[in-house]
Amino acid sequence: MADTYVNDQGQRVECHDEQVKTKDGHPVAAPLAGAVVGGVVGHQFGGGRGQDIATAAGAVGGAYAGKKYNDNKTDDNMSVRQVCRPVG
């Protein structure tokens, strides 16, 4: 059910509650840590240009693994927020 009122500028505004899904945790921490660890591990392989490529590949792979970890380990929470929009 929406509530309607008139704001300070004389506009009619309609407000309603909306459920929003949020995730707990720090969404950047695991991918960042994964990128650092992956880069360090990748740096141990190859030499010259190959070592640079292995370092970059390790960093990308580690960041991806960290993101997947976040996706699987963080809990979804439902919260309610009020959304208001001017009407006509």
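The following paragraphs describe selected features of a predicted model, namely its disulfide, its salt bridges, a nonpolar surface patch and two asparagine residues.

A search of the whole structure returned 1 disulfide. The bond joins Cys15 to Cys84, with a distance of 2.0 Å from sulfur to sulfur, and the torsion of 115° about the S-S bond makes the link of Cys15 and Cys84 right-handed. Because Cys15 belongs to strand S2 and Cys84 to strand S3, which spans residues 76-86, the pair ties together parts that lie 69 residues apart in sequence. The two partners fall into separate accessibility classes: Cys15 is buried, with a relative accessible area of 4%, whereas Cys84 is partly exposed, with a relative accessibility of 37%. A disulfide is, in general, a covalent bond between the sulfur atoms of two cysteines.

Strands S2 and S3 are also connected through charged side chains, since Arg81 is located in strand S3 and Glu18 in strand S2. The side chains of Arg81 and Glu18 meet in a salt bridge, with an N to O distance of 2.9 Å, and this pair links distant parts of the chain, 63 residues apart. Arg81 has a relative accessible area of 46% and is therefore classed as partly exposed, and Glu18, at 26% relative accessibility, likewise counts as partly exposed. The number of salt bridges in the model came to 2, and the other, between Asp71 and Lys67, has its closest N and O atoms 2.9 Å apart. Here both residues, Asp71 and Lys67, lie in helix H2, where they are separated by 4 residues, or about one turn of the helix. The relative accessible area of Asp71 is 33%, which places Asp71 in the partly exposed class, while Lys67 is also partly exposed, with a relative accessibility of 44%.

Helix H2, which covers residues 49-73, also contains Asn70. Asn70 is buried, its relative accessible area being 11%, a value that falls under the 20% limit used for that class. When residues up to four places away in sequence are not counted, Asn70 touches His26, Pro27, Val28, Ala30 and Pro31. One of these contacts, Val28, also takes part in a nonpolar surface patch, which is made by Val28, Leu32, Val36 and Val40 and has an area of about 380 Å². Among the residues of this patch, Val40 is found in helix H1, comprising residues 29-43, and counts as partly exposed, with a relative accessibility of 48%.

A further asparagine, Asn7, is situated in the loop between strand S1, residues 3-6, and strand S2, residues 12-23. Asn7 has a relative accessible area of 18% and is accordingly buried, the limit for this class being under 20%. The side chain of Asn7 reaches the backbone nitrogen of Gln9 at a distance of 3.0 Å. The loop holding Asn7 thus leads into the discussion of strand S2, the element that contains Cys15 of the disulfide as well as Glu18 of the salt bridge with Arg81.

Terms used: Residues numbered from 1 in each chain as written. Predicted model: local features only at pLDDT ≥ 70, side-chain atom pairs only at ≥ 80, totals over all residues. Heavy atoms only, no water. Helix = DSSP H or I, 4+ residues; strand = E, 2+ residues; numbered from the N terminus. Buried < 20%, exposed > 50% of the residue type's maximum accessible area, 1.4 Å probe, protein only. Polar contact = N/O pair within 3.5 Å; in protein donor to acceptor, adjacent residues only side chain to side chain. Disulfide = S-S within 2.5 Å. Patch = residues over 30% accessible without salt bridge, like charges linked within 9 Å, V, L, I, M, F, W, Y side chains within 5 Å. Areas by Shrake-Rupley, 256 points an atom, 1.4 Å probe, with all protein chains shown as cover. Salt bridge = Lys/Arg side-chain N within 4 Å of Asp/Glu carboxyl O. Contact = heavy atoms within 4.5 Å.
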